[in-house]
Amino acid sequence: MERIGDDMMFEEILSRLPAKVVCQFKCVCKQWCYELSTPKFVLIHTRRVSNLLQKKLLSLNENTIVVDDIISGNLEVDTRKVVTFPYDVEPSFLIIIGSFNGLILLCIRRTDANELVLWNPTTRRFKLISDDYFSRYFGRHDDTGGMYVDEHNDLKVLHINCFAGAVTARVYSRHNDSWRKLSFLKGCMLGSNFYSWSHGIYSSKTIYFTVSNYWIPPGECNIVAFDVISESFSILRFPERIQASPCQVHFLTISNKLHGIVVKYSDELTAELQCSHSSTFGAAAKDEYNSRQ
């Protein structure tokens with residue numbers, strides 16, 4: 001054991017264990033509790049877990065929160081488990097804003113004030129991160145966000161709010177336990193109540209959002225990209241092959257690559273899965289936005 005060393009023990013052995021087992025090992029001693037709670041270990045562990053074939057599907061039902069196992073692409077209903085939320089609140093008052101490496105970002109809708117919570121359903125750990133800014137109504141289509149880890153291994157939470165035609169972007173630092181306002185695109189009209197924002201999808205150091213207008217003009221779709229390194233926004237052009245009006249586009253990641261599900265309305269409803277490399281969007285960054293000014 002002495003020849004193995006702490007780095008080998010924590011980064012190469014314990015980081016390969018399930019999250020519940022890691023939590024149990026925190027009770028060994030104070031040093032183990034500290035080492036297993038560092039951002040470095042958490043990052044290594046989440047990366048290893050994300051590569052496993054077994055995935056989890058969390059669903060908010062009317063009165064319960066259930067977790068199903070997805071093994072090799074198949075939903076194993078027999079393994080369904082009911083989990084409890086750390087707060088005494090009905091699941092119908094919860095809104096999932098985003099997820100990242102096993103963490104879930106939720107909003108609790110209350111009559112007096114809204115609360116933003118980081119929650120790990122596996123370990124049952126949670127952290128309340130909202131401040132006085134959230135003491136107002138939370139809109140399902142007006143508020144969105146995403147999560148990422150910066151170059152200093154600090155977990156960041158991006159929150160976007162659309163109100164009175166303006167877009168306000170803020171970022172939360174888990175290390176500093178504080179919020180900071182970001183600059184959004186000037187002259188952008190995506191804060192109008194005609195637009196609906198999707199949840200953020202993380203891929204290749206970028207968080208992508210689809211912003212759709214179902215009113216005037218109908219079927220207008222935009223891509224808003226947030227670069228996690230520079231913490232800046234840009235509007236990207238959809239590849240010409242998926243241009244359709246009206247249509248819906250939903251982003252997801254498959255094997256760490258950005259994909260889009262394109263839903264088109266014609267005589268019948270059709271859906272296509274498109275693989276969109278980040279470089280394809282990056283080459284067209286800001287071109288569409290600049291052409292509108």
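Aromatic pairs, sheets and a surface patch

Phe10 is buried, and Trp32 is buried as well. Both statements refer to a predicted model, as does everything that follows. The two residues also face each other as a pair: the ring centres of Phe10 and Trp32 are 5.7 Å apart and the planes stand at 75 degrees, so the pair is edge-to-face. The cut-off behind this name is an angle over 60 degrees between the planes. Phe10 belongs to helix α1 and Trp32 to helix α3 (residues 30–35), so the pair ties together parts that are 22 residues apart in sequence.

Helix α1 covers residues 6–13, and Ile13 has its place there. Is Ile13 buried, exposed or partly exposed? Its relative accessibility is 37%, and Ile13 therefore counts as partly exposed, since that class lies between the limits of 20% for buried and 50% for exposed. Ile13 also takes part in a nonpolar patch on the surface, together with Ile4 and Met8. The accessible area of these three residues together is about 240 Å².

The description now turns to the strands. One open sheet consists of four strands in the order β4-β5-β6-β7, and their pairing is antiparallel. At its edges are β4 (94–100) and β7 (125–128), each of which pairs on one side only. From one strand to the next, the twist averages 25 degrees. Within this sheet, strand β6 (residues 115–120) is joined to β7 by four bridges in the antiparallel sense. Here Val117 has Leu128 of β7 opposite to it.

Another open sheet has four strands in the order β8-β9-β10-β11, again with antiparallel pairing. Why is one side of β8 and of β11 left without a neighbour in the sheet? The strands β8 (143–149) and β11 (178–182) stand at the edges and have a single partner strand each, so one side of each remains without a neighbour in the sheet. The twist in this sheet averages 25 degrees from one strand to the next. Strand β10 (residues 166–173) runs antiparallel to β11, and five bridges join them. In this pairing, Arg170 stands opposite Lys181 of β11.

A general point helps in reading such strands. In a regular strand, the side chains alternate between the two faces of the sheet.

Further along the chain, strand β15 (residues 220–227) and strand β16 are antiparallel and are joined by five bridges. Ala225 has Ser234 in β16 as its bridge partner. The hairpin of β15 and β16 has four residues between the strands, and Glu231 in this hairpin takes a positive phi near 55 degrees. How many of the five residues of β16 are buried? Strand β16 (residues 232–236) is mostly covered, with four of the five buried.

The account ends with aromatic rings once more. A pair of such rings is described by the distance of the centres and the angle of the planes. The model contains 13 aromatic pairs in total, counted where ring centres lie within 6.5 Å. Phe226 and Phe233 are both buried. Their ring centres are 4.8 Å apart and their planes are at 45 degrees, so this pair is tilted. Phe226 and Phe233 also belong to one aromatic cluster, which they form with Tyr148, Phe184, Trp197 and Phe209.

Terms used: Residues numbered from 1 in each chain as written. Predicted model: local features only at pLDDT ≥ 70, side-chain atom pairs only at ≥ 80, totals over all residues. Heavy atoms only, no water. Pairing = 2+ DSSP bridges. Helix = DSSP H or I, 4+ residues; strand = E, 2+ residues; numbered from the N terminus. Axes fitted to C-alpha atoms, helices over the stretch in contact; angles between N-to-C directions. Patch = residues over 30% accessible without salt bridge, like charges linked within 9 Å, V, L, I, M, F, W, Y side chains within 5 Å. Areas by Shrake-Rupley, 256 points an atom, 1.4 Å probe, with all protein chains shown as cover. Salt bridge = Lys/Arg side-chain N within 4 Å of Asp/Glu carboxyl O. Buried < 20%, exposed > 50% of the residue type's maximum accessible area, 1.4 Å probe, protein only. Phe/Tyr/Trp six-rings, centres within 6.5 Å; stacked < 30°, edge-to-face > 60°.
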